[in-house]
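Grab the model, open your favourite viewer and work through these exercises. Each one sets a task and then walks through a solution.

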Amino acid sequence: MAKYYGLNELREMFLSFFESKDHLRLPSFSLIPQNDASLLLINSGMAPMKPYFKGEVEPPRRRVCTCQKCIRTGDIENIGKTARHGTYFEMLGNFSFGDYFKREAIHWSWEFLTEVVGLEKDRLYPSIYENDEEAFEIWNKEIGIPAENIFRFGKKDNFWEHGSGPCGPCSEIYYDRGLKYGCGSPDCKVGCECDRFIEVWNNVFSQFDNDGNGNYTELVQKNIDTGMGLERLAVVCQDVNSLFDVDTVMNITRHVTKITGAQYGQSNKTDVSLRVITDHIRASTFMIADGVQPTNEGRGYVLRRLLRRAARHGKLLGVNRPFLFEVVETVIRENESHYTYLRERAEHIIRVVRNEEENFARTIDTGMRIFGEKLAAHKANGQKVFSGEDAFLLADTYGFPIDLTAEMLEDEGMTVDMERFTACREEQRVRAREARKALGDLGWAGIDFGSDVTATEFVGYEEYNCEAKIVAVCVGEEVTGSLAGGEKGVIVLNKTPFYAEMGGQAADHGVLLMGDCRFEVTDVQKDKGGRYLHTGTMTRGMMKVDDLVCAAIDVERRKAIMRAHSATHLLQKALKSVLGDHVHQAGSLVEPDRLRFDFTHYSALTAEELTRIDLMVQDASLEGYGVNIKEMPIEEAKAMGAMALFSEKYGDTVRVVNMGGYSIELCGGTHLDNTAKIGPFRIESEGSVASGVRRIEAITGKECLRQMEQNRQTLYAACAALKTKPQELQAKLSEQFEEIKNLKKTLEAVKAKEAAGEVDRFLFGARKVGELHVITAAVSNADAGKLRQMGDLLRDKDSAVAAVLSSVSDGKITFLAVCGKDSVAKGVRAGDLVKLVCTACGGSGGGKPDSAMGGGKDVSKVDDALALVDDFVASKLQ
């Protein structure tokens, strides 16, 4: 009988054991894969190690061990129905990246299981790949396992590979749990489908490279990838039926039974629900802790599905209120000894779970009632296939997930017509797309509200918030009736204080509120039908058509935008004053305390012009002009001298923004009531964007103050570094620059003297070939400039010189060849010499007869290349 150990004990025992074998203990990687688009969630201990195995990233050590959190949802429908399936599990693993191999991996797996954990040796059975004689010898001769207790399996079971690339045989270790877990067959042995022989360890020996066509070659660097399910090991050590009976998991189930009143072991139906709730809240807790949020796509949908499936099973047990969030505390308590961050993120996890439960509660009650009515109608007609149209109605109108419908029908012995459901969904998408084409960027024709959605009334000139009614909702490409927590979408209101992006002014941000429900608005656009499209995320609760909400803009953001917009008007006035009346607006962008203004002008602005313009804007701001905004007939506005955009088409009535008579423009944007509120203003840049069009970028208000403070801190830091005061900084810098300039001169002189000394040594050691003096030398720490300097000195000092110098830096070779005038006269040219040595090193080069440069690639051949020079010169003299 194995000794009892708790799951948390076993985890620590494993990691400590491999630390004693010089492994680096790594914390579990996040469940969200990093730089791996092939996975939604980490599903194995090896998955986050792939960059190390592929050689893309250098591992922190050649030996590492981990306990990795994993999520697998491929068989989510079977969770709870069998004792084997679980969504969340932990995988123990020890890994070698080109360090140890089979012998150590096998010996250590045996040592841990038998000597540390204390499993009985006669109940352990290894399996090997059918042709892996090396593994057989280790198990049989070194470990002492009888040959009849070593099982050979084929590629399907004991050879790991995935397409082309590294692959190799496996060796698994099975534990015999005894007859009470068996099937009773006299042929029951390792490999049987019953629960008697359970695999606890798998050693993968990555030793081959598959070219993708079934051809295998030995890898130079062989790796070890092992995996052992922590829950499986706990099942063996605690002698329990399944992973759901392990201590930490069962403690979660006990909390669920306390809430629901259901008893584990009471009936199979009850046990299924208890196991689903336990497994799903365990998985959800870890997913949320790692940053996953409930959404309608990707890993967010996996989380939403788990939570909603668990909530439904709670209702099956008679719980008609949110309760999963209460169980989160137990999940954290059972796991925080190792995953300490769970406690720090507890409040966030509980809030996410509770919000999702509350959102689903609003959906499921209505959905269950409609489902029940539709189900009864199908049964009355003797139908075994649930209508695809009805399934789509449940999903589209009542937010009832299709997978939940399918699962509930399975309980009733029915199926759903998925083909028709998919067709209905696609038909809805087509209708939505056609509606958008007909009515602009987001059309609303064709939705079943009984009447067309009318234009939105904008009240944002006078109000920062107002009560409004939701008249339409869109999620993705589909017009829907509601928006649930975590979903991104568009909400259309009958009236709004939110300014939509137009006329170069950025859209307002803010929130739509209804009780505890909250929709965060991050963009607003206006379609051709005059509807304001509030884009954002439903962060809490649910909103639907006809709900009354409080629409409130982010006031600080609006004020910052108004500062920039009012400053833009003053800037245009200043540009006309300084540059001339030919200046006209060619485009603009107004964001919080930041603006971009494009204007017609034929040349770059001078520093003097920019300074004048900057000061004019600041002076106008300081004047504190009152801003009067009024609608009037366009002819009256023109008579006032109001500036308008040439490209803009105006109606009979226009909106005029008058800043104390100093600046008068036609404008539909939002503005301050006094120019003094603009605050500081500063031009940051000026440049060309097209022929005859210039662009100025500037900042205002708090952004200007922030940058001023940042510059002040930079100034003080510079003064501290130079041990001076701000008013003396310029003089100090001039002094420092002069000192650096003198030091550079001194250094260059020293380098020149050093180079001259080296040249003299080269000339002293020159070899006489005919009447010429041949020099070949490798110069250390020399760049191209230094080589040229030395070459010039050689040529100046000896007219009969023929020299080749080399230098190697960062694996790249540089060659310089020089020839004096006597050498050139005798047919020895620098260009020929440099081509000779460069070619010998796999490179190229060329130049003039008296001086040439080139490069090479093969550093190992530099000496051989230089050795060719003497014979080459001699051949030219024959």
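Keep in mind throughout that this is a predicted model.

**Exercise 1. Take the hairpin of strand 18 and strand 19 and find which residue takes a positive phi.**

Step 1. Start at the turn: 2 residues sit between the strands, and Gly515 is the one with a positive phi, near 60 degrees.

Step 2. Now check the pairing. Strand 18 covers residues 510-514, strand 19 covers residues 517-526, and they pair in the antiparallel sense over 5 bridges.

Step 3. For a register mark, look at Gly510, which stands opposite Val521 in strand 19.

**Exercise 2. Follow strand 19 onward to strand 20 and work out how they pair.**

Step 1. Strand 20 spans residues 532-540, and its pairing with strand 19 is antiparallel, with 8 bridges.

Step 2. Pin down the register with Phe519, whose opposite number in strand 20 is Met538.

Step 3. Then inspect the connection: this hairpin has 5 residues between the strands, and Gly530 takes a positive phi near 80 degrees.

**Exercise 3. Describe the surroundings of strand 32, starting with how many of its residues are buried.**

Step 1. Strand 32 runs over residues 801-809, and 7 of its 9 residues are buried, so call it mostly covered.Step 2. On one side, strand 31 (residues 772-778) pairs with strand 32 in the parallel sense over 6 bridges. Ile775 stands opposite Ala803 in strand 32.

Step 3. Trace the link between these two strands. The chain leaves strand 31, passes through helix 21 (residues 784-797) and arrives at strand 32, making a right-handed β-α-β crossover.

Step 4. Strand 32 also pairs with strand 33 (residues 812-819), this time antiparallel, with 8 bridges. Here Val804 stands opposite Ala817 in strand 33.

Step 5. Finish at the turn: strand 32 and strand 33 form a hairpin with 2 residues between them, and Asp810 has a positive phi of about 55 degrees.

**Exercise 4. Find the partners of strand 24 and give the number of bridges to strand 23 and to strand 29.**

Step 1. Strand 23 (residues 585-591) and strand 24 (residues 594-600) are antiparallel partners over 6 bridges. Gly587 has Asp598 of strand 24 as its bridge partner.

Step 2. The two strands form a hairpin with 2 residues between them, and the turn residue Asp593 has a positive phi of about 55 degrees.

Step 3. Strand 24 is also joined to strand 29 (residues 693-700), running antiparallel, by 7 bridges. Thr600 stands opposite Val693 in strand 29.

**Exercise 5. Which residues line the largest cavity, and which elements give two or more of them?**

Step 1. Count first: a search of the whole structure turns up 1 cavity of 30 Å³ or more. The space inside the largest cavity is about 80 Å³.

Step 2. List the lining: Tyr301, Arg304, Arg305, Arg308, Arg309, Phe360, Pro401, Asp403, Leu404 and Glu407.

Step 3. Sort them by element. Helix 9 (298-316) and helix 14 (402-411) are the elements giving two or more residues, with the largest share, 5 residues, coming from helix 9.

Step 4. Sort them by class: 4 nonpolar, no polar and 6 charged.

**Exercise 6. Why is Cys474 not bonded to Cys424?**

Step 1. Begin with the whole structure, where the search finds 0 disulfides.

Step 2. Take the distance. The closest cysteine sulfur to that of Cys474 belongs to Cys424 and is 19 Å away, so it is too far for a bond. For comparison, the cut-off is a pair of sulfur atoms within 2.5 Å.

Step 3. Try another cysteine. Cys550 is in no disulfide either, and the nearest cysteine sulfur, that of Cys466, is 7.4 Å away.

Step 4. Add the exposure of each. Cys474 counts as buried at 2% relative accessibility, while Cys550 is partly exposed with a relative accessible area of 30%.

**Exercise 7. Locate Gly184 and decide whether this residue counts as buried or exposed.**

Step 1. Gly184 sits in the loop between strand 7 (165-176) and strand 8 (197-210).

Step 2. The relative accessibility of Gly184 is 72%. The cut-off for exposed is over 50%, so Gly184 counts as exposed.

Step 3. Close with a distance: Gly184 and Glu172 are 12 residues apart in sequence, and their C-alpha atoms are 24 Å apart in space.

How values were computed
Residues numbered from 1 in each chain as written. Predicted model: local features only at pLDDT ≥ 70, side-chain atom pairs only at ≥ 80, totals over all residues. Heavy atoms only, no water. 1 Å grid on protein atoms, 1.4 Å probe; cavity = no way out; pocket = protein on both sides within 12 Å on 5 of 7 lines; lining within 4 Å. Points joined across faces, edges and corners; volume = space filled by probe spheres on them. Helix = DSSP H or I, 4+ residues; strand = E, 2+ residues; numbered from the N terminus. Nonpolar A, V, L, I, M, F, W, Y, C, P; charged D, E, K, R; others polar. Pairing = 2+ DSSP bridges. Buried < 20%, exposed > 50% of the residue type's maximum accessible area, 1.4 Å probe, protein only. Right-handed = clockwise from strand over helix to strand, strands pointing away.
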